[in-house]
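Q: I have a model open here and would like to go through it with you piece by piece. Could you take me through some of its local features?

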Amino acid sequence: SRDEVRLIATSTNATVMAGHTGGLSWLSWPQGGRSCSRAARERRDRSRPLRHSCVIPPRPLADAGGPRIPRARVADVVDSETRSHGGAHDVTVNPAPAIIQGGMGVAVSSWRLARTVSRLGQLGVVSGTALDMVLARHLQLGDPSGHARRAIRAFPDAAVAERVLETYFVPGGKPSGQPFASVPMYTATPTSRRHELAVVGGFVEVFLAKEGHPGAVGINFLEKIQIPTPATLYGALLAGVDYVLVGAGIPRDIPALLDGLIRHQPVVLPLHVTGAAADQPFELRFDPLEILSQPQPPLRRPRFLAIIASATLAISLARRSSGVDGFVVEGPTAGGHNAPPRGPLTLEQGQPVYGPRDEVDLAKIRALGLPFWLAGSFATPQRLRQAQSEGAAGIQVGTAFAFCEESGMDPSLRG
C-alpha cells in the first residue's frame, strides 16, 4: 500500500524497518514514500503518476522514528543466515536462488554489485553489455584500485593480457578533459585484436565478481546486441561464470554457442539483419583458438536461463533449443527491454498499456518442468511468497538493486 511499502533496497537516507520472510531479510519504512521508476527521467518528472514497485522515502524523514542508515547496501537485502559462521559472507553455491539480481547495463550491474549479492547466497549477475568499452575506459582512467589490472594478469594468455594493457592502460589516468581513446567499431568481420578486448572484458568482469567466495555469478546479454556476444561470453566462460541469462529477443542460438565455446571450438552466430533477404544470411564467426595460444581443457557449462515474456516463447525454446535450463518470466512492469503489448498500441502517460492478453500463462510454464523466476514488481516478501506458491523458484529484482550503493549507477542519479 501507499502507507507502508516493503522492498529490498534503497539508496537514500531512510528510516527503515527490518523484516524476515521466506529465509530472506527485507527492509520497509512507514508512510510518505515516493515512487522510483525504471528510468531517471521519470523520477525527475514529479507530475507523472508512477506505478512501479520500488519506493524511496523522501529526505529527510524527520517525523519518523527508528534507526537511520546512510544508504541501503546489498547486505541489508539478502538473508544474513546464508553467511557461514567461519567468515563473513562466505556461502556455498545456491542451486536454485530465491533472488536473481537483474542484469542492468551499462555497468549498473557491476562486478561489485554481483559479487556482494553472490556472497550472500543469491545469484549476482553482471551486465555483459559493452564490457569491452567499460574496460577500455576504466584502464584509460588509470584503474585507480588496481582491480582491473589484477584480473587481466589472471587471464590465461599473458600475451593477450599484455596487448590490452599496452593499448589502453594510462598510468595515473588520462588528463582531465582529454577525450578517451576510441575503440574500433565492432563489425561482423572484426579483427582478432577487437575480439581480444571483448574476451578480456568479459573475463575481467566475471573474475572480479567471483573473486574470494564460492557463490554463483551470472552474466546477462541482450539478444538484440549480437556482435560482441560470442567473444564476451567466451571471456566469461574462461572466468568460470555459473549462469548465462539472455533476453531482449529470442535467444535460440545461445545453447549451441555455449556448447561450442566450452570446448574452445569455432562458433557461428547468425545475425538478425532487418530487411535482409532470406537468401542473404549474415553471420559472425568466432574462433577461440585465434585468441589463446595454448590449448585449454574443456570448460564447465553454465546454466542457461532464457528471459521471456510469453509461454509460447518458453515452449518453443524448451522444445527446439536443447540446453535451456530455465526461464526468467518478465511481466509488463519489468524494467528493460519489454515486449510490446499484444493488439493495438495504447499509451498512457507516454507508456504502453498492457492488458489480460499480455499475462503469462504460468500453468504452461510449470508444465515444461524447468525452474523459472518471476520478474516485474515482485520486490516484496509477499510477492516472493506468491511467486513460489505459483511454482516459481523465486524472483528477479532489478530496480531495488540498482539503487544500492554497491551498484554501478552514478550516485547523483540514485536520488
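A: Let us begin with Ala154, which lies in the loop between H4 and H5; please keep in mind throughout that this is a predicted model.

Q: Is Ala154 buried, partly exposed or exposed?
A: Ala154 has a relative accessible area of 35%, and therefore counts as partly exposed.

Q: Which residues does Ala154 touch, leaving out those up to four places away in sequence?
A: With residues up to four places away in sequence not counted, Ala154 touches Phe203 and Phe207. In addition, the C-alpha atoms of Ala154 and Ala239 are separated by 9.2 Å, although these two residues are 85 residues apart along the chain.

Q: Back to those phenylalanines: how many aromatic pairs turn up in a search of the whole structure?
A: Searching the whole structure gives three aromatic pairs. One of them is formed by Phe155 and Phe203, with 5.2 Å centre to centre and 85° between the planes, an arrangement that is edge-to-face.

Q: And where do Phe155 and Phe203 sit in the chain?
A: Phe155 is in the loop between helix H4 (147-153) and helix H5 (158-168), whereas Phe203 is in helix H6 (residues 192-210), so that the pair, 48 residues apart, links distant parts of the chain. Phe155 counts as buried, because its relative accessibility is 4%, and Phe203 is buried as well, with a relative accessible area of 3%.

Q: What about Phe203 and Phe207, are they stacked or edge-to-face?
A: Phe203 and Phe207 form a stacked pair, at 5.6 Å centre to centre and with 25° between the planes. Both lie in helix H6, four residues apart, which is about one turn of the helix. In an α-helix there are 3.6 residues a turn, so residues three or four places apart point the same way. Phe207, with a relative accessible area of 23%, is partly exposed, and ring pairs link Phe155, Phe203 and Phe207 into a cluster.

Q: Changing topic, which rings have a charged end sitting over them?
A: The ring of Phe180 has the charged end of Lys174 over it, 4.6 Å from the ring centre, and the ring of Phe378 has the charged end of Arg383 over it, 3.9 Å from the centre.

Q: Next, cavities: how many of 30 Å³ or more does the search find?
A: The search of the whole structure finds three cavities of 30 Å³ or more, and the largest cavity has a volume of about 80 Å³.

Q: What lines the largest cavity?
A: The lining is made up of Gly128, Thr129, Ala130, Phe221, Leu222, Ile225, Pro228, Thr229 and Thr232. Strand E10 (217-222) and helix H7 (229-238) are the elements that give two or more residues to this lining. By residue type, the lining of the largest cavity divides into five nonpolar, four polar and no charged residues.

Q: Ala130 is on that list; what is its phi, and where is it found?
A: Ala130 has a positive phi of about 55° although it is not a glycine, and it is found in the loop between strand E9 (124-127) and helix H3 (131-140). With a relative accessible area of 27%, Ala130 is partly exposed. For context, most residues other than glycine have a negative phi, and most peptide bonds are trans.

Q: Then where is there a cis peptide bond?
A: A cis peptide bond, with omega about 0°, joins Gly105 and Val106, and Val106 lies in the loop between strand E8 (99-101) and helix H2 (111-119). Ala107 is also placed in the loop between E8 and H2, and it has a positive phi of about 65° although it is not a glycine.

Q: One more on E10: is Asn220 buried or exposed, and what does it touch?
A: Asn220, which lies in strand E10, counts as buried because its relative accessibility is 7%. Not counting residues up to four places away in sequence, its contacts include Gly128 and Thr129, both of which also line the largest cavity.

Q: Finally, why is helix H8 largely enclosed?
A: Six of the eight residues of helix H8 (residues 254-261) are buried, so the rest of the structure largely encloses this helix. Those buried residues are Ile254, Pro255, Leu257, Leu258, Gly260 and Leu261, and they pack against H7, strand E11 (243-247), strand E12 (267-271), strand E13 (282-286) and E14.

Definitions and conventions: Residues are numbered from 1 along each chain as its sequence is written. This is a predicted model: local features need pLDDT of at least 70, side-chain atom pairs count only at pLDDT 80 or more; totals for chains, interfaces and linings use all residues. Side-chain values use heavy atoms; hydrogens and water are left out. On a 1 Å grid over the protein atoms alone, a cavity is a set of points where a 1.4 Å probe fits but cannot get out, and a pocket is an open set with protein on both sides within 12 Å along at least five of seven lines; lining residues have an atom within 4 Å of a point. Grid points are joined across faces, edges and corners, and a volume is the space filled by probe spheres set on the points. Ala, Val, Leu, Ile, Met, Phe, Trp, Tyr, Cys and Pro count as nonpolar, Asp, Glu, Lys and Arg as charged, and the others, Gly among them, as polar. Rings of Phe, Tyr and Trp (its six-membered ring) pair if their centres lie within 6.5 Å; planes under 30 degrees apart count as stacked, over 60 as edge-to-face and the rest as tilted. Buried means under 20% relative accessible area, exposed over 50%, partly exposed in between (1.4 Å probe, protein chains only). A charge sits over a ring if NZ of Lys or CZ of Arg is within 6 Å of the ring centre and within 35 degrees of the ring normal. Contact means heavy atoms within 4.5 Å.
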